[in-house]
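Reader: I should like to learn how charged and nonpolar side chains are read in a structure. May we go through the features one at a time?

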Amino acid sequence: MLTNEVIETIMVKRRSFKLFDGKPLSDEVIETILECGKIAPTGMNRQPWHFTVVKTAEAMAELGADLLAMQAKRAGAGQAGNASTEPRMTASERTRNAPLMIIASGDENEMCAHIDTPLAMENMLLAAASLGVDSGWDFSVNRDFFEGTDGPANKAKYQIPEGYKAYCACYFGYRDASQAIRDRGPRREGTVTVL
């Protein structure tokens with residue numbers, strides 16, 4: 001296999017992490033990551049995405065508290081009468097102590113939004129990795145928090161535009177040094193067909 005700096009970023013540097021050290025990212029780094037998202041491939045150059053950037057300590061704490069409330073509500077609905085004896089995590093722990101989350105949403109009326117929006121997020125993840133910034137996905141944010149009964153209110157609170165669907169939500173920051181970089185393991189066989 002051939003290699004260069006870009007391939008090295010894709011193959012080695014870009015990883016998902018579940019714990020960050022909380023150190024904030026500079027505005028210049030954040031701007032660079034977002035600009036790379038905006039230049040992603042897009043069908044008919046429609047650019048159907050919107051990026052919601054949660055970056056202040058207060059906003060991240062509020063997001064963490066809101067996510068914890070969502071989890072508690074779901075757990076209560078599924079386990080009525082069962083009080084948990086486990087200690088609750090803090091808002092900071094729920095957001096992995098990350099200093100930044102970017103939520104990528106797409107216009108539901110655009111036929112390529114479900115493709116273009118995740119492509120924009122991938123551009124941002126790779127840009128971050130090339131700058132030495134780590135990242136990690138949080139599927140429950142787009143799958144649960146912005147969908148369902150409370151979805152419209154959560155979209156309004158976090159300024160997801162009307163008619164947009166949240167497709168991706170990722171944390172950005174520097175990984176906590178206590179988190180080991182795990183081997184990804186072998187790639188699954190049978191995923192390529194050459195005609």
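Reader: Which side chain does Glu 35 meet in a salt bridge?

Author: The model is a predicted one. A salt bridge requires a side-chain nitrogen of Lys or Arg within 4 Å of a carboxyl oxygen of Asp or Glu. Here Glu 35 meets Lys 38, at 3.0 Å from N to O. These two residues are 3 residues apart in helix H2, so about one helical turn separates them.

Reader: Which parts does the salt bridge between Lys 157 and Glu 62 tie together?

Author: The two side chains meet at 2.7 Å, N to O. Lys 157 belongs to helix H7 and Glu 62 to helix H3, so the pair joins parts 95 residues apart in sequence. Glu 62 and Lys 157 are also linked with Asp 66 in a network of salt bridges.

Reader: Is Arg 15 buried or exposed, and which side chain of opposite charge is nearest?

Author: Arg 15, in the loop between helices H1 and H2, is buried and has no salt bridge. The nearest side chain of opposite charge is that of Asp 183, 5.8 Å away; the cut-off for a salt bridge is 4 Å. Beyond its sequence neighbours within four places, the contacts of Arg 15 include Ser 135 and Ile 181.

Reader: Which element gives the most residues to the largest nonpolar core?

Author: A nonpolar core is a set of buried nonpolar residues joined through side-chain atoms. The largest has 20 residues, and helix H5 gives the most, with 5 residues. Met 121 is one of the members that touch the most others. Apart from this core lies another, of 19 residues, including Val 54 and Phe 145.

Definitions and conventions. Residues numbered from 1 in each chain as written. Predicted model: local features only at pLDDT ≥ 70, side-chain atom pairs only at ≥ 80, totals over all residues. Heavy atoms only, no water. Helix = DSSP H or I, 4+ residues; strand = E, 2+ residues; numbered from the N terminus. Buried < 20%, exposed > 50% of the residue type's maximum accessible area, 1.4 Å probe, protein only. Lys, Arg positive; Asp, Glu negative; His and termini not counted. Contact = heavy atoms within 4.5 Å. Core = buried A, V, L, I, M, F, W, Y, C linked by side-chain atoms within 4.5 Å.
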